[in-house]
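Hi,

Here is the structure I said I would pass on. Have a look at it first, and my notes follow below.

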Amino acid sequence: MFKRIALFLATNLAVLALLSIVMAVLQNFFGIQLRGQGGLLVMATVFGFGGSLISLMMSKWVAKRSTGAYVIEQPRNESEQWLVNTVRRQAEAAGIKMPEVAIYDAPEINAFATGPSRNNSLVAVSTGLLRAMNRDEAEAVLGHEVSHVANGDMVTMALIQGVLNTFVIVLARVVGRVIDGYLNGNREGGPGLGYFVIVFVLDMIFGLFASMIAMWFSRHREFRADAGGARLAGREKMIAALQRLSQTYGESTLPKTVQAFGISGAVGHGLRRLLMSHPPLEERIQTLRNAPVEQVRGTVVG
């Protein structure tokens with residue numbers, strides 16, 4: 001928890017400093033005047049969407065490097081051949097191009113999908129999953145990850161994060177100016193140190209609420225991916241896979257950049273649950289059990 005807080009503070013400081021530096025360079029060296037609410041909106045949009053879109057474009061490369069994933073180009077054994085064949089069959093059923101298939105070394109039962117588009121993606125499974133799951137359960141997990149790709153979840157998450165980032169940057173600075181003006185008696189002159197302190201605090205507060213919204217969507221898409229896995233592999237296989245996942249649920253060695261796209265997430269209760277990327281396993285299993293037959297039968301993924 002303390003690491004998350006420290007990282008959150010550092011990120012906000014970096015954004016605040018970088019935004020100030022870029023605006024100063026544009027105005028003083030290039031003569032571009034970004035004043036008023038219009039200029040703020042332009043800069044906020046550039047920063048808000050810029051980081052999200054760059055992360056999206058680099059997602060496969062970052063995932064491979066950060067997990068040490070081995071991409072299967074020529075299967076070395078029957079197990080790797082099965083993985084490739086299963087993903088190929090599911091990708092064809094879901095109407096997407098064949099993702100890259102990879103294995104990464106990790107003790108927990110986990111898998112993830114990432115990539116900049118439906119037709120340029122990566123599906124990876126952990127060595128812990130291959131050891132602990134039978135073929136039926138692993139097939140369902142692969143279906144879950146292929147469904148993430150087919151549903152366009154990576155792109156949607158990047159766009160949502162961009163909108164939320166823009167909102168946080170604009171609102172924090174607008175409200176910061178109002179508060180700073182009130183505290184200074186609306187005196188003339190540019191913003192002082194107090195303004196930057198206020199904006200920094202507001203960045204954290206609004207950023208926390210933005211994270212809650214992003215994680216709410218992340219939890220929602222997990223239910224959709226579970227339903228997609230059930231359509232591609234079978235409802236009972238998907239339920240069995242989620243039950244098996246409980247052996248190491250809450251454990252993850254995945255880097256932060258791809259944790260939200262793993263089939264396994266952290267465990268949280270109370271207010272902490274609002275910042276969890278995955279709903280509890282029991283809710284996911286119960287939702288699958290209660291889903292109408294037409295939602296979990298067939299091969300078409302939404």
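Which residue with a positive phi follows α6? That is G152, with a phi near 70°. Before going further, please keep in mind that this is a predicted model.

Since we are at α6 anyway, let me start there. The helix runs over residues 135-150, and its end C-alpha atoms lie 22 Å apart. That agrees with expectation, because 16 residues at 1.5 Å a residue should span 22 Å. At the N-terminal end, N134 acts as the cap: one of its side-chain oxygens sits 3.1 Å from the backbone nitrogen of D136. Most of α6 is covered, with 14 of its 16 residues buried.

Now for what surrounds the helix, beginning with the sheet. It is an open sheet of four strands in the order β1-β2-β4-β3, and the pairing is mixed. β1 (70-71) and β3 (111-117) are the edge strands, each pairing on one side only. In the middle, β2 (residues 100-104) and β4 (residues 120-126) are parallel and share five bridges; E100, for instance, has L122 in β4 as its bridge partner.

Two helices to look at here are α4 and α6. Helix α4 (residues 78-94) packs on the sheet and touches β1, β2 and β4, its direction making about 140° with that of β2. α6 also packs on the sheet, where it touches β3 and β4, and its direction makes about 20° with that of β3.

β3 deserves a look of its own. Although β3 is an edge strand, six of its seven residues are buried. Its pairing with β4 is antiparallel, over five bridges, and F112 stands opposite A124 in β4. The two strands are joined by a hairpin, with two residues linking β3 to β4.

Back to α6 for its other neighbour in my notes. How do α6 and α9 lie relative to each other, roughly parallel or roughly perpendicular? Helix α9 (residues 235-245) packs against α6 at an angle of about 95°, with the axes 8 Å apart. Angles of 65 to 115 degrees count as roughly perpendicular, so α6 and α9 are roughly perpendicular to each other. On the α6 side the contact involves D136, E137, E139, A140, V141 and H144, which meet K237, M238, A240, A241 and R244 in α9. D136 is thus a residue to click on twice: its backbone nitrogen faces the N134 cap, and D136 is also among the α6 residues that meet α9.

Cheers

Conventions:
Residues are numbered from 1 along each chain as its sequence is written. This is a predicted model: local features need pLDDT of at least 70, side-chain atom pairs count only at pLDDT 80 or more; totals for chains, interfaces and linings use all residues. Side-chain values use heavy atoms; hydrogens and water are left out. The expected span of a helix is 1.5 Å times one less than its number of residues. Buried means under 20% relative accessible area, exposed over 50%, partly exposed in between (1.4 Å probe, protein chains only). A polar contact is a pair of N or O atoms within 3.5 Å; within protein, one must be able to donate a hydrogen and the other to accept it, and residues adjacent in sequence count only if both atoms are side-chain atoms. Two strands pair if DSSP finds at least two bridges between them. Contact means heavy atoms within 4.5 Å. Axes are lines fitted to C-alpha atoms, for helices over the stretch in contact, and angles run from 0 to 180 degrees between N-to-C directions. Angles under 35 degrees count as roughly parallel, over 145 as roughly antiparallel, 65 to 115 as roughly perpendicular and the rest as oblique.
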